[in-house]
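Q: Please take a close look at one helix in this model and its surroundings. What does it pack against, and what lies around it?

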Amino acid sequence: MASVSERARGWALAGWAAALDLLLALNVLWPLSGQEANWPWVMGLMAFPVTAALLLARRPGNAIGRLLGVVAMSAGAIFVLSWFALTRTDARLSAWAEAVESIPAVLQFGGILALLHLFPTGRPISRAHRWVLLALWTYVACFAALGVVNPGPLALTGRANPLGVGPAWVEDVYSRGVAGIVVFALLGFVVVARRWWTADLVERAQLKWFLGAATWIILAIAVAASPGGGPLAEFVGSVIGMLAFWSLPVAVTIAVTRHRLFDIDRLIRRTVSYSVVVGLLGVVYVTLVVGLHVVLPVDGSDLAVAGSTLAVAALFRPLRGGVQRIVERRFDRASYEMTTVLDAFTAGVHRQVDIDTIGHDLTHVVAETLHPSTVALWLPAHAARDGAKKRGPAAS
């Protein structure tokens, strides 16, 4: 049973997340002047407060949950400051609010970059990495400060910055500050690669969730940045971008809580299988249509399309089965060759007397072959004592 303090913390986090999502929803329903096209970004950020509250309620003090909370709080602060700057233009502090908006805007990107560096453990990988993180937050602070004192015109309204007391070169440096964000992002992917190289089975599954969401975001940004396509293509690209930003906090939550963690392997295999099947069927369809157009008379175009469609429909089931078997054999060798894995474990058990080592090997085999949500090994007390006695003389 949860204690009173735990329930109170949970309700407080739920209220905090609801308040932030309400602010973001208002920005979508009644967008500010000139901000109508930002609805995919705003709706994508609505998942961050919910996931941050969920993680912090279940694991208080979790570093990943805190970073998600930083991103969520920054999004809410941006909306409040923008609303005040654009709706109260005659107010004395309106221009000040617009100038200060650069702080949460930069902090939002800093939280996402730090998430890339610290996921999934919430800790740096080495002492040198601690210095990289210190440099990251120092850069974020300096970049935000330069945005406040930038002598150039304000971004939302174009009016003079009342806090722009910096020299003229500040505007040029601030406009080129995105390059530093790219550098820290590349370093973050290097850190992820290092974690992958040294990770165990569970941490690799966590990284798969995170990298899958990050790849989805990169693809969505590439689609949104592609020119042309018309209004429908732009709307579809915006929806894809919104879903991509939802995928990151959802993937992080699954990875940190380890709820259905190993389902990512099945998801990857199915994605690869169906992508290959769709590609092959598309090639077959186009080939048949073109070939039948050559063979059939001029007025046989409908027959060519119908025949190609029937052929593709007939090929779908056997082609899917064959591709899935190949993908399973290539990407999930442990499960595909379960007998081999179990035989290797059985052979090793006969030569092992340390009960802790045997328990570790057993849980590893179960996790590797069956991919359960959780693995636990229970041993009677006398077995643990016997194992300790066996290790005692060997150690001496």
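A: What follows is a walk around helix H6, from its helix partners to a cavity and then to the loop after it.

The model is predicted. Helix H6 covers residues 102-118. Start with its packing against helix H7, residues 127-148. The two axes lie 8 Å apart, at an angle of about 165 degrees. Angles over 145 degrees count as roughly antiparallel. H6 and H7 are therefore roughly antiparallel to each other. Their crossing is right-handed.

The H6 side of this contact is made by Ser-102, Ile-103, Val-106, Leu-107, Gly-110, Gly-111, Leu-113, Ala-114, His-117 and Leu-118. From H7 come His-129, Val-132, Leu-133, Leu-136, Trp-137, Val-140, Phe-143, Ala-144, Gly-147 and Val-148. By class, the contact of H6 with H7 has 14 nonpolar and six polar residues, and no charged ones.

Now turn to helix H9, residues 178-198. The axes of H6 and H9 come within 7 Å and cross at roughly 20 degrees. Angles under 35 degrees count as roughly parallel, so H6 and H9 are roughly parallel to each other. This crossing is left-handed.

On H6, the residues that meet H9 are Leu-113, Leu-116, His-117 and Leu-118. H9 answers with Ile-181, Phe-184, Ala-185, Leu-187, Gly-188, Phe-189, Val-191, Val-192 and Arg-195. The contact of H6 with H9 divides into ten nonpolar, two polar and one charged residues. Leu-113, His-117 and Leu-118 of H6 meet H7, and these residues meet H9 as well.

Next, the cavity. The structure holds one cavity of 30 Å³ or more. About 30 Å³ of space lies in it. Its lining consists of Val-106, Phe-109, Gly-110, Leu-113, Leu-136, Tyr-139, Val-140, Phe-143 and Ile-181. H6 and H7 are the elements that give two or more residues to this lining. By class, the lining has eight nonpolar residues, one polar and no charged.

Several lining residues have appeared already. Val-106, Gly-110 and Leu-113 line the cavity and take part in the contact of H6 with H7. So do Leu-136, Val-140 and Phe-143 from the H7 side. Ile-181 is in the lining, and in H9 it meets H6.

Last, the loop between H6 and H7, where Pro-120 lies. The peptide bond from Phe-119 to Pro-120 is cis, with omega near 0 degrees. Most peptide bonds are trans.

Note on methods: Residues are numbered from 1 along each chain as its sequence is written. This is a predicted model: local features need pLDDT of at least 70, side-chain atom pairs count only at pLDDT 80 or more; totals for chains, interfaces and linings use all residues. Side-chain values use heavy atoms; hydrogens and water are left out. Axes are lines fitted to C-alpha atoms, for helices over the stretch in contact, and angles run from 0 to 180 degrees between N-to-C directions. Helices (H or I, at least four residues) and strands (E, at least two) are DSSP runs, numbered from the N terminus. Angles under 35 degrees count as roughly parallel, over 145 as roughly antiparallel, 65 to 115 as roughly perpendicular and the rest as oblique. A crossing is left-handed if the near helix is turned anticlockwise from the far one by less than a right angle, and right-handed if clockwise. Contact means heavy atoms within 4.5 Å. Ala, Val, Leu, Ile, Met, Phe, Trp, Tyr, Cys and Pro count as nonpolar, Asp, Glu, Lys and Arg as charged, and the others, Gly among them, as polar. On a 1 Å grid over the protein atoms alone, a cavity is a set of points where a 1.4 Å probe fits but cannot get out, and a pocket is an open set with protein on both sides within 12 Å along at least five of seven lines; lining residues have an atom within 4 Å of a point. Grid points are joined across faces, edges and corners, and a volume is the space filled by probe spheres set on the points.
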